[in-house]
Amino acid sequence: MVHRRKFIQSSALGSLGVLFSKIAAGSGGTVSIKGKPVVISTWDAGLEANKGAWEILGKGGRALDAVEKGVMVTEASQNCCVGLGANPDRDGYVTLDACIMDEFSNCGSVAFLERIKHPISVARRVMEKTPHVMLVGSGAQQFAVAEGFTLEEQKLSPEAQPAYEEWLKKSEYKSPLINVENKGHGPFAPYKLGNGEWNHDTIGMVAMDTFGNLSGSCTTSGAGFKMRGRLGDSPIIGAGLFVDNEVGACTATGQGEDVIRVAGSHSVVELMRQGLNPEAACKKIIERIARIKKEKAKNIQVAFLALNKQGIAGAYALHPGFSYAIKSGTKETLIKAKSYFKS
Ligand code: SD4
């Protein structure tokens with residue numbers, strides 16, 4: 001289980017001058033990286049995922065390979081919200097969503113996928129081996145097995161099993177409150193939260209390689225105890241992830257329904273195309289969600305994380321608490337994003 005409050009303090013200037021931080025440690029904002037490669041990813045788990053990506057990027061490898069390998073670290077970990085260790089849907093099945101996109105605008109996606117350890121790799125196969133972008137449910141699983149992926153046992157993780165049993169006691173279905181700090185307000189508190197921990201953490205990752213090419217990936221179990229068949233933004237190209245190699249890339253996390261309705265990641269990239277820096281672009285779309293959702297916006301979390309072609313990273317969230325991890329040649333840090341609501 002990750003601890004979101006452990007922010008690694010970043011120094012004001014990278015010691016080798018590779019990264020210029022325009023922010024006070026842990027206070028959020030825009031980060032300029034002079035030099036490539038670089039990788040950024042959502043939430044605290046991004047720190048470990050970035051290390052996985054760096055095994056490729058650090059050797060001059062391709063961003064696409066890096067963003068696949070990076071998020072595989074999270075998929076394989078015993079995480080509440082990514083990979084087979086995640087919480088199940090309300091019927092007791094873990095269903096996974098993932099997508100990937102490269103510098104040529106090739107993209108692949110899987111959704112509602114069961115019993116496969118690395119949905120991100122199946123998404124990549126969809127991209128590379130089929131004429132399609134998206135496969136779902138049993139069809140996606142059938143494709144994965146045909147491609148040689150192991151069909152894992154249908155079994156909840158040791159953490160998810162008691163969480164599900166706890167949920168079953170009430171079996172009360174409410175709209176999932178994703179990434180909202182648990183104050184005892186609903187069934188979506190898979191672990192014993194209430195101490196500043198959060199109830200979800202999708203991983204979205206964006207990287208730029210030494211060639212200056214961009215790729216991105218996003219993988220999740222969606223929401224714990226969700227309605228069976230529910231999809232969020234994460235497997236949807238343009239919502240949970242978008243890459244335009246001329247401009248930049250963006251990934252989203254939080255309440256997927258509200259990311260989809262503004263075509264979130266695509267909208268952020270289009271604002272960067274118009275000249276906005278990543279943080280400003282993320283902020284505009286967060287403000288749009290706040291405008292559209294009004295009162296509801298007070299109770300949901302959404303965050304965007306973007307990187308532009310100049311190597312500037314930025315993020316913005318609806319509420320405080322969103323962190324993102326960044327890794328470049330000399331910098332490895334967790335940054336707290338700014339937010340629309342201040343507390
Ligand atoms: C979803 N956006 O399925 C995902 C959830 C998420 O951190 O990002 N959780 O709606």
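**Exercise 1. A network of salt bridges**

Task: In this predicted model, determine which residues are linked with K327 and E332 in a network of salt bridges, and state how far apart the closest N and O atoms of E332 and K327 are.

Solution.
1. The network links E48, K51, K327 and E332.
2. Within it, E332 forms a salt bridge with K327, and their closest N and O atoms are 3.5 Å apart. A salt bridge requires a side-chain nitrogen of Lys or Arg within 4 Å of a carboxyl oxygen of Asp or Glu, and the value of 3.5 Å meets this condition.
3. The two partners are then classified by accessibility. E332 has 33% relative accessibility and counts as partly exposed, whereas K327, with a relative accessible area of 12%, is buried.
4. By the same rule, the count for the model comes to 23 salt bridges.

**Exercise 2. Two salt bridges of helix α6**

Task: Determine which parts of the chain are tied together by the salt bridge of R230 with E257 and by that of D258 with K296.

Solution.
1. The closest N and O atoms of R230 and E257 are 2.9 Å apart. R230 lies in the loop between β8 and β9 (241-244) and E257 in helix α6 (residues 256-260), so this pair ties together parts that are 27 residues apart in sequence.
2. R230 is buried at 11% relative accessibility, while E257 is partly exposed at 26%.
3. For D258 and K296, the closest N and O atoms are 3.0 Å apart. D258 belongs to helix α6 and K296 to the loop between α8 (278-293) and β11 (302-308); the pair therefore ties together parts that are 38 residues apart in sequence.
4. D258 counts as buried, with 0% relative accessibility, and K296 as partly exposed, with 31%.

**Exercise 3. The surroundings of D209**

Task: D209 is buried yet has no salt bridge. Establish which side chain of opposite charge is nearest and which backbone nitrogen lies close to a polar atom of the D209 side chain.

Solution.
1. D209 is located in the loop between β7 (203-208) and β8 (214-220).
2. The nearest side chain of opposite charge is that of R62, at 5.7 Å. Because a salt bridge requires the atoms to be within 4 Å, this pair does not qualify.
3. A polar atom of the D209 side chain lies 2.9 Å from the backbone nitrogen of A63.
4. Apart from neighbours within four places in sequence, D209 is in contact with K36, P37, L57, G61, R62 and A63.
5. A63 itself is found in helix α2 and is buried, at 1% relative accessibility. With residues up to four places away in sequence left out, A63 touches L57, A207, D209, N213, L214 and S215.
6. The C-alpha atoms of A63 and G212 are separated by 8.9 Å, although these residues are 149 residues apart along the chain.

**Exercise 4. The packing of helix α3**

Task: State how many residues of helix α3 are buried, and decide whether α2 and α3 are roughly parallel or roughly antiparallel.

Solution.
1. Helix α3 (residues 119-129) is mostly covered, with eight of its eleven residues buried. These are P119, I120, S121, V122, A123, R124, V126 and M127.
2. The buried residues pack against α2 (63-76), β4 (96-101), β5 (107-113), β6 (134-136), α4 (137-146) and β8.
3. The axes of α2 and α3 come within 8 Å and cross at roughly 150°. Angles over 145 degrees count as roughly antiparallel, and the two helices are therefore roughly antiparallel to each other.
4. On the α2 side, the contact is made by L64, D65, E68, V71, M72 and E75; on the α3 side, by P119, I120, S121, R124, M127 and E128.

Notes
Residues are numbered from 1 along each chain as its sequence is written. This is a predicted model: local features need pLDDT of at least 70, side-chain atom pairs count only at pLDDT 80 or more; totals for chains, interfaces and linings use all residues. Side-chain values use heavy atoms; hydrogens and water are left out. Helices (H or I, at least four residues) and strands (E, at least two) are DSSP runs, numbered from the N terminus. Buried means under 20% relative accessible area, exposed over 50%, partly exposed in between (1.4 Å probe, protein chains only). Lys and Arg count as positive and Asp and Glu as negative; His and the chain ends are not counted. A polar contact is a pair of N or O atoms within 3.5 Å; within protein, one must be able to donate a hydrogen and the other to accept it, and residues adjacent in sequence count only if both atoms are side-chain atoms. Contact means heavy atoms within 4.5 Å. Axes are lines fitted to C-alpha atoms, for helices over the stretch in contact, and angles run from 0 to 180 degrees between N-to-C directions. Angles under 35 degrees count as roughly parallel, over 145 as roughly antiparallel, 65 to 115 as roughly perpendicular and the rest as oblique.
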